[in-house]
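Student: I should like to examine how the terms applied to this model are justified. Could we take them one at a time?

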Amino acid sequence: MRPTRAHSTPLKSTTPKPSTSRRASSSSQATCTVQTGPTAARSCTTPGSEPTSALATASKLTNCYRLACDLLPLRCQLTYRYVHTIPRLVEHRPEDMGVKDLFQEVDDIGAIFDVQDKAEKMKKEIENDFVYAQQIASAGEKDGQEPLKVLWFDMYNGTSNPTPDDPQPYVGACCGGPQIILEHAGAKNVFENQGVEDRRVWDYVPLDDWAATDPDLIVLVELSTEGAAKKLSILCSDPRTRDMRAVQERNFIVVPFAATNLGVRLGALAYNFAEAMAALARGSPLNALQFTVDPDRSEATSTSGAKVWMDKFPKFEEIDLEEFCPGTPKKIEVKELSQAEEVAGVFGSGAASAGGVAGWVMGVFLGISLAFGL
């Protein structure tokens with residue numbers, strides 16, 4: 001279950017400063033060791049216990065903070081971002097957390113388990129997905145379209161103390177997974193300047209401030225505790241959001257929360273997100289190699305978990321959102337396309353022109369280059 005931001009259990013820093021954070025007593029400190037060689041491994045020993053494996057220990061962060069931070073530094077950085085409301089942890093957050101940190105972690109895990117070839121393959125796949133996402137976005141720019149303005153609706157009750165007048169909703173902020181996805185997909189985060197000082201992945205923004213951003217599209221994050229349908233019902237019922245252009249035009253993309261973190265699913269989600277934006281904004285068909293349509297054609301779900309609603313909205317509890325929400329259903333086509341065809345954008349809003357042919361040639365070259373690692 002996703003931790004509540006204000007009450008997540010903080011990880012201890014490997015180099016805490018006595019003046020700003022409490023230090024555990026020596027009797028509770030965990031010790032980490034590293035074995036070198038072709039079968040390199042790490043173990044953790046806590047007072048009064050036998051050494052445990054890295055994987056077993058890393059899953060119990062409260063028992064072995066130092067190993068978790070040493071073995072999986074990126075996970076520690078992400079956890080620090082959950083607890084951004086605790087001032088004493090701000091100093092431990094990284095200055096800039098991006099794809100390079102993800103790739104470094106993949107390299108580290110590859111080295112630990114002696115699977116460097118698989119680590120390199122995984123990084124290449126992520127890089128390719130980012131390239132495809134950017135190429136799809138570039139096709140829209142060639143048609144003279146400005147980058148879409150996107151509002152990332154992360155959570156409605158973003159803290160443990162919401163009130164009817166102030167539910168304390170959270171949006172995607174300046175830093176982290178959501179911002180990386182939007183940048184690679186060629187979109188502009190309407191709250192990209194939010195939380196810069198503390199380098200926040202998400203931040204609290206009152207609903208009163210949402211309408212002023214006038215987004216072209218809204219991202220609905222699917223959580224186990226708060227589904228996308230609930231978020232849609234809120235947007236359609238609250239007078240502060242119901243008249244927003246994106247709500248009136250039904251421009252929504254649903255994404256699974258797990259794929260929005262800075263992890264190995266990030267590239268695939270950025271790629272599918274760019275495809276979904278092209279379908280909503282330019283009328284481009286969704287690629288059947290990436291999106292599967294459910295039997296009643298109400299939604300199309302991608303391999304990364306990104307989803308768009310097609311012929312009708314879902315129900316939320318007893319509310320039929322198709323009738324309750326403004327606007328009319330999106331008519332989205334799903335057809336099988338090669339990636340070269342897709343990134344060239346020639347099946348989007350019109351017939352191929354001289355520029356479209358040039359884009360198609362470039363797309364074919366890109367596909368060949370990625371296929372052969374050129």
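Student: What makes the pairing of Arg 240 and Asp 238 a salt bridge?

Tutor: This is a predicted model, in which local features need pLDDT of at least 70, side-chain atom pairs count only at pLDDT 80 or more, and totals for chains, interfaces and linings use all residues. Residues are numbered from 1 along each chain as its sequence is written, and side-chain values use heavy atoms, with hydrogens and water left out. A salt bridge requires a side-chain nitrogen of Lys or Arg within 4 Å of a carboxyl oxygen of Asp or Glu. The side chains of Arg 240 and Asp 238 meet at 2.9 Å, N to O, so the pair satisfies that definition.

Student: Why is Asp 238 called buried?

Tutor: Buried means under 20% relative accessible area, exposed means over 50%, and partly exposed lies in between (1.4 Å probe, protein chains only). Asp 238 has 11% relative accessibility and therefore counts as buried. Arg 240, at 27%, counts as partly exposed.

Student: How do you know that Asp 203 and Arg 200 form a salt bridge, and are these residues buried or exposed?

Tutor: The closest N and O atoms of Asp 203 and Arg 200 are 2.8 Å apart, which gives a salt bridge. Asp 203, at 7% relative accessibility, is buried; Arg 200 is buried as well, with a relative accessible area of 18%.

Student: What makes Lys 312 and Asp 296 a pair that links distant parts of the chain?

Tutor: Their salt bridge has its closest N and O atoms 3.7 Å apart. Lys 312 is in the loop between strands E13 (307–309) and E14 (315–316), while Asp 296 is in the loop between strands E11 (291–293) and E12 (299–302), 16 residues apart. Strands (E, at least two residues) and helices (H or I, at least four) are DSSP runs, numbered from the N terminus. Lys 312, with 38% relative accessible area, is partly exposed, and Asp 296, at 42%, is likewise partly exposed.

Student: Why is helix H7 described as largely enclosed by the rest of the structure?

Tutor: Eight of the 10 residues of H7 (residues 228–237) are buried, so the helix is largely enclosed. Among them are Leu 232, Ile 234 and Cys 236.

Student: How do you know that Ile 136 is buried, and which residues is Ile 136 in contact with?

Tutor: Ile 136, in helix H5 (residues 116–142), has 3% relative accessibility and therefore counts as buried. Leaving aside neighbours within four places in sequence, its contacts (heavy atoms within 4.5 Å) include Tyr 271, Arg 282 and Val 343.
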